[in-house]
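Please give a short report on how the secondary-structure elements of this model pack together and what surrounds its ligand.

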Amino acid sequence: MNSTAIEVAGLSKRFGDVAAVRDASFRAEPGRVTGFLGPNGAGKSTTLAMLLGLTRSDAGTARIGGAPYRELSDPSGTVGAVLDAAGAHPAMTGRGHLRAYAALGGHPLARVDEVAATTGIGEYLDRRIRGYSTGMRRRLALATALLGDPSVLVLDEPSNGLDPAGIVWLREFLRDFAARGGTVLLSSHVLTELQHGIDDLVLIDRGRVAWSGPLADFTDSASSLEAAFLARTMEVHP
Ligand SMILES: Nc1ncnc2c1ncn2[C@@H]1O[C@H](COP(=O)(O)OP(=O)(O)OP(=O)(O)O)[C@@H](O)[C@H]1O
């Protein structure tokens, strides 16, 4: 797997009166799972949308392997992204959906069965997506993101809709992906979800990066991630 870091520098975005992201800078490194944590409305989704070239920034840069997303020569072979579980046509089967995306990305059709097996949706592949549970849709979205065998995964709230077994499965999958040299950036507003699954933490609060670094450094002085999170956000916004 290529070593492909994510680098965000001075990124800002305003929606009218709302400063959604303010001068945000952080990195997500190869071989590590980086959690992007912040309360509702902190600016996580907006930052990820800018990173993936879906929203234009007002200032700053967001690079993947040294280039902005829109300049990547092989986007789906570089980054797999899951921003929400929607987007799959309910009347299509999982197989039809994956085949269409494989064709779009120029990936071999053999990848369809491979990513279905990896994400555990093999037995549902020939069912229509309208009958999929939320967790199955999440897995299908992840399978779609994996079609190009990317070295970077960007996931917005990936545990939403997963049952406890699904959450453990996802955590192990991402650990393994990183252990093979991949870069993982995943957002969450649920502290406990991240506590056992990440190496590095980027904490965002009201558009600003309040803290970033190894998780161990963050929680050293606090009994739990939650206590450290609350202490840190109160420090920034007394
Ligand atoms: N298209 C938009 N138009 C106007 N305001 C927006 C838009 N998108 C986001 N915002 C605002 O920008 C801020 C950051 O939103 P964002 O969705 O990035 O936060 P988030 O951290 O992902 O939140 P959540 O955890 O609730 O998903 C919020 O105040 C939100 O209301």
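The report below takes up the sheet, the ligand shell and the helix packing in turn.

This is a predicted model, in which local features need pLDDT of at least 70 and side-chain atom pairs count only at pLDDT 80 or more, while totals for chains, interfaces and linings use all residues. Residues are numbered from 1 along each chain as its sequence is written.

Helices (H or I, at least four residues) and strands (E, at least two) are DSSP runs numbered from the N terminus. Three strands form an open sheet in the order β2-β1-β4, with antiparallel pairing; strands pair if DSSP finds at least two bridges between them. The edges are β2 (18-28) and β4 (59-64), each of which pairs on one side only. From one strand to the next the twist averages 20°. Strand β1 (residues 6-15) is joined to β4 by five bridges, and Ser12 stands opposite Ala59 in β4. Helix α1 (residues 44-51) packs on this sheet and touches β1, β2 and β4, its direction making about 120° with that of β1. Contact here means C-beta atoms, placed from the backbone, within 7 Å. Angles run from 0 to 180 degrees between N-to-C directions, and axes are lines fitted to C-alpha atoms, for helices over the stretch in contact.

The shell around the ligand (residues whose C-beta atom, placed from the backbone, lies within 6 Å of it) includes Phe15, Val18, Ala20, Lys44, Ser45, Thr46 and His189. Both β2 and α1 supply at least two residues each, and α1 gives the most, with three. By class, the shell has four nonpolar, seven polar and one charged residues. Ala, Val, Leu, Ile, Met, Phe, Trp, Tyr, Cys and Pro count as nonpolar, Asp, Glu, Lys and Arg as charged, and the others, Gly among them, as polar.

Two helix pairs are listed here.

| Helix pair | Angle | Axis distance |
|---|---|---|
| α3 (residues 94-105) and α4 (residues 110-119) | about 125° | 9 Å |
| α4 and α5 (residues 134-146) | about 135° | 9 Å |

α4 is therefore oblique to α5, and α3 and α4 are likewise oblique to each other. Angles under 35 degrees count as roughly parallel, over 145 as roughly antiparallel, 65 to 115 as roughly perpendicular and the rest as oblique. In the first pair, Arg95, Leu98, Arg99 and Ala102 in α3 meet Arg111, Val112, Val115 and Ala116 in α4. That contact has five nonpolar, no polar and three charged residues. In the second, Val115, Ala116, Thr118 and Thr119 in α4 meet Arg139, Leu142, Ala143 and Leu146 in α5. Its classes are five nonpolar, two polar and one charged.

Technical notes: Two residues are in contact if their C-beta atoms, placed from the backbone, lie within 7 Å.
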